[in-house]
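Biologist: Please take a close look at one part of this model, its pockets. I would like to know what lines them.

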Amino acid sequence: ADEIGENAIAIRCNCLDKESIIQAKKEINDSFGAVNFLINGAGVNHPRATTDNEYFEMEDMDKDIKTFFDLDDEDVEFIFNLNFIGTLLPTQEFAKDMIGREGCNIINVSSMNAYTPLTKIPAYSGAKAAISNFTQWLAVHFSKVGIRVNAIAPGYVMTDMMKTVPEDLLQKFAGLTMLGRLGQPEEIAKAALFLASDDASYITGETITLQGGSGLRP
């Protein structure tokens, strides 16, 4: 908020806690009035919901590694809750401001994993697939009251979290894209701004993929 400057405030909010969301919305309404658009961006993966190997081999049951059979159910549940319920609950509250008003819309953050799940992360991939499906459901549900609902599905993007990934793996990810590089956060933000604007007034129920051609093959 300090970097953005005027007309920006930071509010602490737990997107899995209804009362926290209600309080955050009250602070926003008090400062800026009714909400025009919402970006649901909370999401995370967890190591205990991730397999050690990409493929299950016959001898893996006898090794000291985390296989599919060892995934922690509580962490899998947390990933689903944060990604899906953490989108549903804020939408329930903030969409109330948008009903019947011009230019209001919701943007959810899905992932390319919703289309082609990466190995090792079944819970995260499944949760993001749920987001893409939920986006279509919301677009239909709110279509008669003027609320557009879309999603963005980033691929490999150089976020702060991605900066912790080993360099050789980053190079592997970059090599999977036709543009030969990872995306930048600003490139994802511009797509979100487009969907939020009146320039996208005829777009709803879509998930826009932003993946540098990683889904293509030469």
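Modeller: The account below covers the two pockets in turn. This is a predicted model, in which local features need pLDDT of at least 70 and side-chain atom pairs count only at pLDDT 80 or more, while totals for chains, interfaces and linings use all residues. Residues are numbered from 1 along each chain as its sequence is written, and side-chain values use heavy atoms, with hydrogens and water left out.

The largest pocket has a volume of about 1,700 Å³. A pocket here is an open set of points on a 1 Å grid over the protein atoms alone, where a 1.4 Å probe fits, with protein on both sides within 12 Å along at least five of seven lines; lining residues have an atom within 4 Å of a point. The volume is the space filled by probe spheres set on the points, which are joined across faces, edges and corners. Its lining counts 43 residues, of which N113, L118, I121, Y156 and M162 are closest to the centre. Two or more lining residues come from each of α3, β3 (148–154), α4 (167–175) and α5 (185–196); helices (H or I, at least four residues) and strands (E, at least two) are DSSP runs, numbered from the N terminus. The largest share, three residues, belongs to α4. By class, this lining has 23 nonpolar residues (Ala, Val, Leu, Ile, Met, Phe, Trp, Tyr, Cys and Pro), five charged (Asp, Glu, Lys and Arg) and 15 polar (the others, Gly among them).

The second largest pocket holds about 890 Å³ of space. I9, I11, I28, F37 and I39 are the closest to its centre among 26 lining residues. At least two lining residues each are supplied by α1, β1 and α2. The lining of the second largest pocket has 20 nonpolar, six polar and no charged residues.
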